[in-house]
Every structure is written in C-alpha cells, then in structure tokens.
Amino acid sequence: MPTKTLQIPTADGQADAFAAFPDHSEQHPGVLLYADGFGIRPVLREMARELAGHGYYVLVPNPFYRHGPAPVIELPEHIGEEARSAVFAQLMPLIEAHTVDRVLRDADAYLRFLTAQPEVSAGPVAVTGYCIGGLLATRTAAAHPGQVSALAAFHGPVGVDGPDGLPKLTAEVHFGHAESDLTPEALGELDKALDAAGVGYTSEIYPGTVHGFTMSDTDAFNPAALQLHWDRLLPLLGRTLTKS
C-alpha cells in the first residue's frame with residue numbers, strides 16, 4: 001500500500017499529513033480522515049491503510065500542526081488509564097486553542113489539497129473522524145455542502161455546536177456513538193435535530209462501548225465495535241463516492 005508524508009499549505013503555515021492509497025495507477029475517490037485527539041500515530045496509519053485498501057485515497061492531516069509536527073506530544077505505545085491524565089493535560093490546551101475559525105480555515109486547505117492530488121479522482125469526497133476528529137469532520141462537511149457527499153463520525157462530540165449547523169449538511173451521515181458518551185435520551189434529541197434539518201443519516205449507540213472504542217492502542221478498544229464501524233463506514237462510502 002503506497003503511503004506518503006506530505007506538507008499541506010494552509011493560511012497559517014504548513015500542516016504535516018499522512019496519505020495512503022491503492023497500489024495501482026488509477027485515480028480514486030478522496031477521503032479526508034481526522035484523527036482523534038492523540039493524533040497521527042501507528043494505529044491511525046494502519047486504519048488509513050486499511051481504508052485505502054478498499055479503493056480510496058485517504059489523507060490524514062495533523063490538526064495541531066501550529067504546535068509542531070506529529071506526534072505533537074510524546075505518546076506511550078499503549079495509552080492506558082495510568083498515562084491518560086498526563087497525556088490529556090498536555091493535549092487539552094491544543095484542543096482548546098483549535099477554534100472554529102481555525103478548523104474551517106484548515107478544512108478549506110485540506111480539501112483543496114486533497115482534490116488536487118494526482119491520485120484523486122474528480123467528484124465529491126468524504127470526511128470521517130474519531131473523537132474530536134468527528135467534530136472536525138462534521139464542521140468540515142457543514143462548511144462544504146456541495147463537495148462532501150459522506151460524513152462519518154465515531155465517538156465524537158458531534159452535537160456540541162447545537163442544531164444550527166445541521167441544516168447545512170447535504171452529505172449522507174453516519175454517527176457511531178459510544179455508550180459512555182451519549183444517553184438514549186440525548187441520542188433522541190440529536191436525531192430529532194437531524195430530522196428537522198432534513199439530513200439523511202443513521203445515528204446509533206454502539207453497544208458495550210466507551211469513548212475511544214475504535215483505537216486499538218487504548219484501554220477503550222472494543223474489537224467488535226471497530227468491526228461495526230467498518231460495517232457502517234464502507235457501505236456509506238460505497239453509496240456516495242464513485243470509483244473508477
């Protein structure tokens with residue numbers, strides 16, 4: 001599986017990024033993948049390669065590039081409970097500094113870069129993300145309704161902006177929530193807002209999960225939920241993106 005380390009020109013500098021794509025010369029639909037708060041690391045590279053193996057060009061930017069290249073902070077090989085609080089103490093200032101304005105400026109740059117790659121076919125793209133990356137993906141899709149045809153977010157705080165941004169979504173949406181993140185009542189409220197906005201979506205709580213369930217280098221990892229995530233994501237991309 002070919003991979004590249006890239007530099008994306010942005011309004012605020014250069015964002016380092018990782019890309020994976022199929023090992024042949026055809027063009028492929030583009031997918032912008034936002035990492036969780038821990039950022040680009042081996043597990044994210046592996047997930048990007050797996051997704052690319054299904055026929056997509058997958059671009060994974062470092063959203064915290066203003067603070068340095070990935071990994072922006074030193075991470076243990078396994079992010080267990082004993083390391084989690086110390087890691088988050090370093091991460092939270094970066095997350096809090098990543099304002100909506102920054103998110104949207106970066107999204108413009110990421111999509112412009114993605115669609116200009118010679119391995120990427122013309123047509124709509126998809127965005128997907130994990131944890132805080134799910135929120136970045138949702139904001140990106142809402143800001144680019146004509147360009148983003150699919151949005152998927154997993155264990156992400158997708159409702160944090162309230163219902164105002166939802167009417168801007170024209171993408172087909174899947175939200176996969178952690179059981180620890182969302183009550184059934186809160187899920188019902190989110191689904192009501194999606195219905196009111198006329199969004200085509202599926203939105204569900206993955207059973208027996210805690211926040212971070214897709215990430216195999218954390219204690220939150222749930223293999224069955226990771227497989228369910230693929231079972232939801234791949235058909236969504238297959239319906240909404242045109243392969244050569």
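This is a short talk on the sheet and some of the salt bridges in one protein model.

Before anything else, the model is predicted. I'll start with the sheet.

There are eight strands, and they form an open sheet. Across the sheet, the order is E1-E2-E4-E3-E5-E6-E7-E8, with mixed pairing. At the edges are E1, residues 3–10, and E8, each of which pairs on one side only. From one strand to the next, the twist averages 20 degrees.

As background, strands of a sheet pair through backbone hydrogen bonds, either parallel or antiparallel. For an antiparallel case, take E2, residues 13–20, and E4, residues 57–61, which are joined by four bridges. In that pair, Ala 17 has Pro 61 in E4 as its bridge partner.

Two helices to point out here. Helix H3, residues 100–116, packs on the sheet and touches E1, E2, E3, E4, E5 and E6. The direction of H3 makes about 130 degrees with that of E1. Helix H6, residues 223–240, also packs on the sheet, touching E3, E5, E6, E7 and E8. The direction of H6 makes about 175 degrees with that of E6.

Now one strand in detail. How many of the seven residues of E7 are buried? Six are, so to speak, under cover; E7 spans residues 172–178. E7 pairs in the parallel sense with E6, residues 148–154, over five bridges. With E8, residues 201–206, E7 also runs parallel, and six bridges join them. Phe 175 shows both pairings: Ala 153 has Phe 175 as its partner in E7, and Phe 175 in turn has Ser 203 as its partner in E8. Between E7 and E8 comes helix H5, residues 184–197, and the three make a right-handed β-α-β unit.

Next, the salt bridges; the count comes to 11. One joins Asp 12 and Arg 66, with the closest N and O atoms 2.7 Å apart. Asp 12 lies in the loop between E1 and E2 and Arg 66 in the loop between E4 and helix H2, so this pair ties together parts that are 54 residues apart in sequence. Asp 12 also forms a salt bridge with Arg 105, again at 2.7 Å. Arg 105 is in helix H3, 93 residues from Asp 12. Together with Asp 106, these residues, Asp 12, Arg 66 and Arg 105, are linked in a network.

Last pair: Arg 41 and Asp 217, at 2.6 Å, N to O. They sit 176 residues apart. Are these two buried or exposed? Arg 41 is buried, at 4% relative accessible area, and Asp 217 is buried, at 10%. Asp 12, by contrast, is partly exposed, at 37%.

Conventions: Residues numbered from 1 in each chain as written. Predicted model: local features only at pLDDT ≥ 70, side-chain atom pairs only at ≥ 80, totals over all residues. Heavy atoms only, no water. Buried < 20%, exposed > 50% of the residue type's maximum accessible area, 1.4 Å probe, protein only. Pairing = 2+ DSSP bridges. Right-handed = clockwise from strand over helix to strand, strands pointing away. Axes fitted to C-alpha atoms, helices over the stretch in contact; angles between N-to-C directions. Contact = heavy atoms within 4.5 Å. Salt bridge = Lys/Arg side-chain N within 4 Å of Asp/Glu carboxyl O.
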